[in-house]
Amino acid sequence: MKDLLPQAERLPGPLPAWHASTQDLRPIAEKLRAQNARLVALWASDERTGFALHVAFALRAGLLWLSVPLEREHPRYPGIADLFPAASRMQRAAYDLVGVHAQGGADHRKWLRHGAWPAGQFPLRKDFEPASAFEPAPDHYPFIRVEGEGVHEIPVGPVHAGTIEPGHFRFSIVGETILKLEERLGYKHKGIEKRFEQLSPEEGARLAGRVSGDSTVAYAWAYAMALEAATGAEAPARASALRGIALELERVANHLGDLGYLGNDVALTFGFFQFWRLKELLLRAHGAAFGHRYLMDFIVPGGVARDPDLGGLAEVLAYIKEEVAVLRAIYDEHAGAQDRFIMTGQVAQELAAHLGLTGVAGRASGQDYDLRRDHPVPPYHVLEVQAAGHIRGDVSARISVRFEELAESLRLIEALTAGLPPGALRAPLPGLAPGRRGCGWIEGWRGEVFVALEAGADGRLHRVHAHDPSWQNWPALERAVLGNIVPDFPLINKSFNLSYSGHDL
Amino acid sequence: MYTILKQIARTGIVTEPAPRADPSLRQVEQRLSETVLRHFGRALAIRHVDAGSCNGCELEIHACNGPHYNPERLGIRFVASPRHADLLLVTGPVSRNMETALRRTYDATPEPKLVVAIGDCGCSGGIFGESYASCGRVSNVIPVDVAVPGCPPEPVAILRGILAAIEVK
């Protein structure tokens with residue numbers, strides 16, 4: 001890291017993370033692209049005297065957080081979407097929220113701004129009143145049209161036909177075949193990042209746990225990790241182990257649900273009922289052990305909120321393990337289901353690397369990254385996590401990765417429970433000193449959840465950026481569906497299972 | 001096929017006794033006539049609208065449709081269009097970017113219709129509150145008959161809220 005950027009400063013905490021201020025975003029980004037670094041997140045902040053653009057990259061050594069100071073009058077920077085395509089929507093969101101402008105052939109269409117606030121207003125600027133209310137305006141969004149003989153459009157959403165989060169999908173099709181899919185997201189934007197700035201650092205943990213409810217453990221942990229790094233607190237060993245158990249339970253619960261729905265989407269409703277029966281048993285065991293079916297508010301800055309009674313959990317997990325083995329054999333041998341799964345919604349390995357595909361979907365397309373193995377923080381440093389993987393990048397590969405990860409998570413929970421150290425649950429949290437910063441980076445069930453936190457001069461939260469892996473994976477879904485038939489879209493979409501709330505913030 | 005049938009037989013029926021309505025969740029007096037409610041009580045079509053939730057409430061709505069709760073035995077089923085619906089199940093807070101879509105969905109639902117708001121955010125705006133981006137509680141945007149608190153409310157609570165909405169006085 002010192003070779004790349006001599007001024008890089010190691011951030012405190014267990015995560016191998018560095019921060020550097022620089023004016024050389026473009027040369028550094030080019031060098032990082034050549035080294036196969038990955039883009040983790042891009043966001044901006046109002047620094048009152050000027051602005052700042054922030055970019056986080058994943059390197060072999062760890063995480064690098066760059067801050068680029070921008071001038072007050074015309075805040076602009078050289079865009080990096082040509083090097084890291086996933087940056088495109090992040091740059092658009094940074095403009096909508098903070099008003100910093102990406103130069104150099106970037107896509108300048110609005111992204112998170114619909115009609116709730118007018119052009120020229122930037123909610124994350126410090127002089128923007130959080131309670132501002134504007135006359136709602138229609139959202140005229142310039143979709144890219146496909147023209148030609150027999151081409152027609154199917155607009156879907158924002159209100160979908162199932163219990164799904166809102167978003168708009170614009171399909172251009174010929175017959176049944178998808179020629180183009182364009183996503184329009186941002187419907188769930190509810191001002192989360194502005195809200196953080198009104199909360200105390202401790203209260204922020206509750207909000208972080210509600211950025212994307214299905215990943216509440218991952219977000220609460222990433223936020224706690226960021227705040228602990230910024231304040232110099234260290235979670236006790238028992239708390240770390242319990243955090244690991246909670247994160248793996250969240251992974252098991254979500255993978256069970258997805259495996260059920262993937263059966264459902266190919267008319268194998270047997271699979272839905274079987275997996276959802278198992279998920280319900282697990283959620284009830286969560287409730288009994290942790291007092292909450294989704295483990296919300298269990299991880300708090302400094303440690304964990306309570307000592308769970310893990311007594312009943314082992315039996316339920318052992319039962320789930322046996323039943324999942326039976327169900328996997330049934331899925332694997334079901335010709336009708338496999339016919340729908342195999343070669344559907346494929347993202348080839350090269351494309352996945354180009355787009356920066358992450359998490360479950362990334363690993364199914366040969367992107368062999370798993371933070372629990374690559375940059376293990378306690379309790380993962382002694383667990384030797386086996387990352388799942390596949391190279392075909394189709395629905396079937398994403399199912400396979402889920403099955404493998406589910407089995408590995410069950411092993412990890414067993415190991416962590418058996419070796420649960422005694423001791424305190426929570427370390428006292430020192431005050432947040434002005435200007436301190438920290439970040440958290442967690443391998444959630446969907447992919448890498450990242451939280452960056454900076455303290456203001458008054459010891460309150462100056463800027464909190466919460467980043468969902470869905471930012472990276474939504475654009476890949478647009479590519480995965482090409483050439484597939486429209487009725488396979490729900491199946492392909494489900495096999496990614498991306499978050500709208502986590503993306504829209 | 002044999003393994004599927006064997007697994008079904010081995011699993012048996014896991015559905016639990018049906019929950020009862022929870023009248024304390026009512027926000028307004030029952031507006032619909034007994035005749036209408038008797039029809040709804042036997043075939044209630046629900047359209048779920050996520051108007052801006054964190055997706056936690058959606059997890060529990062999904063769980064409601066699992067085999068332990070099996071709402072179809074109560075005549076409750078989820079439908080794909082508001083035009084087929086008797087009741088809207090709305091999670092919130094209502095983001096300003098979803099305000100118009102929620103109003104249009106409400107308008108597209110034929111009368112007589114009911115609305116059940118789900119979750120702390122649907123009931124009060126929750127931790128997100130009201131802001132430049134959030135309208136807060138569901139009743140700030142469309143009329144609400146029943147509101148079910150919880151973060152998220154458990155499946156039984158959601159079903160008790162739905163049953164309260166169609167309960168005959």
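These questions and answers go through a predicted model. Residues are numbered from 1 along each chain as its sequence is written, while chains are lettered from A and ligands numbered from 1 in the order in which they are written. Local features need pLDDT of at least 70 and side-chain atom pairs count only at pLDDT 80 or more, whereas totals for chains, interfaces and linings use all residues.

User: How many helices and strands does chain B have?
Analyst: Helices are DSSP runs of H or I with at least four residues, strands are runs of E with at least two, and both are numbered from the N terminus. By this count, chain B has six helices and five strands.

User: What is the radius of gyration of chain B?
Analyst: Along the sequence, the elements of chain B follow the pattern α-α-β-α-β-β-α-β-α-β-α. For its 169 residues the globule rule gives 15 Å; the rule is 2.2 Å times the number of residues to the power 0.38, and the radius is taken over C-alpha atoms. The value for chain B is close to that, so chain B is as compact as a globular protein of that length, with a radius of gyration of 17 Å.

User: What percentage of the residues in chain B is buried?
Analyst: A residue is buried if 20 or more other C-beta atoms lie within 10 Å of its own, exposed if 12 or fewer do, and partly exposed in between, with C-beta atoms placed from the backbone. The C-alpha trace of chain B spans about 55 × 35 × 30 Å along its principal axes. Of its 169 residues, the buried share is 53%.

User: Which helix gives the largest share of the side of chain B that touches chain A?
Analyst: Two residues are in contact if their C-beta atoms, placed from the backbone, lie within 7 Å, and 43 residues of chain B are in contact with 48 residues of chain A. The elements of chain B that give two or more residues to this side are α1 (2–11), β1 (44–50), α3 (56–64) and α4 (96–108). The largest share, seven residues, comes from α4(B).

User: Which strands do the buried residues of α4(B) pack against?
Analyst: Helix α4(B) has 13 residues and reaches 19 Å from its first C-alpha to its last, close to the expected 18 Å; the expected span is 1.5 Å times one less than the number of residues. Its buried residues include B:Met98, B:Leu102 and B:Thr105. In chain B, the buried residues of this helix pack against β1 and β3 (87–91).

User: What arc do the buried residues of α8(A) cover around the axis?
Analyst: Helix α8 (residues 313–333) of chain A has 21 residues. In α8(A), the residues A:Leu313, A:Leu317, A:Ile320, A:Val324, A:Leu327 and A:Tyr331 are buried. They lie on the same side of α8(A) because the arc they cover, taken from the directions from the helix axis to the C-beta atoms, is only 90°.

User: Which exposed residues lie on the other side of α8(A)?
Analyst: The buried residues of α8(A) are covered by elements of chain A that include α6 (237–264), α7 (269–290), α9 (335–341) and α13 (395–418). On the other side of α8(A), the exposed residues are A:Glu315, A:Ala318, A:Glu322, A:Ala325, A:Ala329 and A:Glu333.

User: Which residue does a cis peptide bond join to B:Glu111?
Analyst: The omega of this bond is about -5°. The partner lies in the loop between α4 and β4 (114–118) of chain B. The residue joined to B:Glu111 is B:Pro112.

User: Is A:Leu295 buried or exposed?
Analyst: A:Leu295 is not a glycine, yet its phi is positive, about 65°. It is found in the loop between α7 and β11 (299–300) of chain A. It has 25 C-beta neighbours inside 10 Å and therefore counts as buried.

User: Which strands stand at the edges of the open sheet in chain A?
Analyst: Strands of a sheet pair through backbone hydrogen bonds, either parallel or antiparallel. DSSP must find at least two bridges between two strands for them to pair. The open sheet of five strands in chain A has mixed pairing and the order β1-β2-β5-β4-β3. Two strands have a single partner strand each, so one side of each is left without a neighbour in the sheet: β1 (9–10) and β3 (38–46) of chain A.

User: Which residue of β4(A) is the bridge partner of A:Leu42?
Analyst: β3(A) and β4 (residues 51–58) of chain A pair in the antiparallel sense over eight bridges. In β4(A), the partner of A:Leu42 is A:Val55.
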